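Student: I'd like a close look at one part of this protein, the salt bridges. Could you walk me through them in one go?

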Amino acid sequence: PLQIVPKVSDAEVRAILIENEKSTLLRFSTAGSVDDGKSTLIGRLLHDSKNVYEDHIAALEKKAVSKGIEIDLSHLTDGLKAEQEQGITIDVAYRYFSTPHRRFILADTPGHEQYTRNMATGASTADLTIILIDARKGVVTQTKRHSFIASLLGVPRLLVAVNKMDLVSYEEEVYEKIRQEYTVFASKLGIREIRFIPVSALKGDNIVARSDTMSWYHGETIMEYLENVYVASDSNQVDFRFPVQYVVRPDQNYRGYAGQIKSGSVRVGEEVLVIPSMKKSIVKSIDYLSSDPSKCQLESASAPQSVTISLEDEIDISRGDMLV
């Protein structure tokens, strides 16, 4: 029988849209060695936070029943056939989900050494990286390599999830030993913030719900940390950086340079330097796409606005150049 869905009022729709506008966005990636459970953790995070479609879960359950095994939540992100056959992640898998408190873009990255470049791709835009460590193996070479790459790419914070605690009988001593070893190593990286959480992605311990089997841990869960971590202070509002993405040339009277301001701010009349040519010019106009004609020309703009900037002088500027 058809299910009758109750009608949502216009006021409720507006309230939802307003709430969505207020919610912040967090970009994060996973990293770690092979078989540390990155895809399973993400699958558990999506499943337990009710961010998976019912037909997707039904498909996984059908596959599990046909093979006589339990449902594999790692397949929520490992979509390639080769990934599911081998039980590994090969390519970066992006997922978009939200909670009442925040919107998320996550990048599930591979752990194999030969796919390290894909891990770098996923971490390049992340506000934080979840480093997974297998509680049985501890800190291994690939763990250190991925942590270093995240630091090199400027990821400001790391969340170290000590996974598979169920396979070491949820022993606090195992967790503490790994935490101390990683802390000593990470002191050389210059990471602004590092948090540690003992988890079991397979069982769901400390992912969304708190674990009853690790009463010795009194900190937050993975989801609690992701929802509440403050990232607004990460943006640089001082140094103006504007990578040129496209040259706008509708006619012979206008030449503008379109892109997104990555940091800082700029005003009409300010002097800018073009890199790498080192040519200087003055900002003539800042154009902004808006349905309101009165807001299409700005006196100033700042990160992360996407704008088109025109200059007083005719300078050879193309995609890949930067205004500073």
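Before that, what pLDDT does the protein average? And how are the salt bridges set up, with which partners buried and which partly exposed?

Tutor: Sure. Keep in mind that this is a predicted model, and the protein averages a pLDDT of 85, with 89% of the residues scoring at least 70. There's one stretch to treat on its own: over residues 80-84 pLDDT stays under 50, and there the model has 12 contacts beyond four places in sequence.

Now to the salt bridges. The structure holds 9 of them, and I'll take you through a few.

Start with Asp 134 and Arg 136, which form a salt bridge whose closest N and O atoms are 2.8 Å apart. Asp 134 has a relative accessible area of 0%, so it counts as buried. Arg 136 sits at 48% relative accessibility, so that partner is classed as partly exposed.

Next, look at helix 7, which spans residues 172-186 and carries both Arg 179 and Glu 176. These two are 3 residues apart, or about one turn of the helix, and their side chains meet in a salt bridge at 2.9 Å, N to O. Arg 179 comes out partly exposed at 28% relative accessibility, and Glu 176 is partly exposed too, with a relative accessible area of 22%.

Then there's the pair Arg 195 and Glu 220, whose side chains meet in a salt bridge at 2.4 Å, N to O. This pair links distant parts of the chain: Arg 195 belongs to strand 6 (residues 193-198), while Glu 220 is in the loop between strand 6 and helix 8 (222-228), and the two are 25 residues apart. Arg 195 has a relative accessible area of 35%, which makes it partly exposed, and Glu 220, with 24%, is partly exposed as well. That salt bridge doesn't stand alone, either: Arg 157, Glu 193, Arg 195 and Glu 220 are joined into one network by salt bridges that share partners.

So, back to your question about burial: Asp 134 is the buried residue in its pair, at 0%, and its partner Arg 136 is partly exposed, at 48%. In the helix 7 pair, Arg 179 and Glu 176 are each partly exposed, and Arg 195 and Glu 220 are likewise partly exposed.

Definitions and conventions: Residues numbered from 1 in each chain as written. Predicted model: local features only at pLDDT ≥ 70, side-chain atom pairs only at ≥ 80, totals over all residues. Heavy atoms only, no water. pLDDT = per-residue confidence, 0-100. Contact = heavy atoms within 4.5 Å. Salt bridge = Lys/Arg side-chain N within 4 Å of Asp/Glu carboxyl O. Buried < 20%, exposed > 50% of the residue type's maximum accessible area, 1.4 Å probe, protein only. Helix = DSSP H or I, 4+ residues; strand = E, 2+ residues; numbered from the N terminus.
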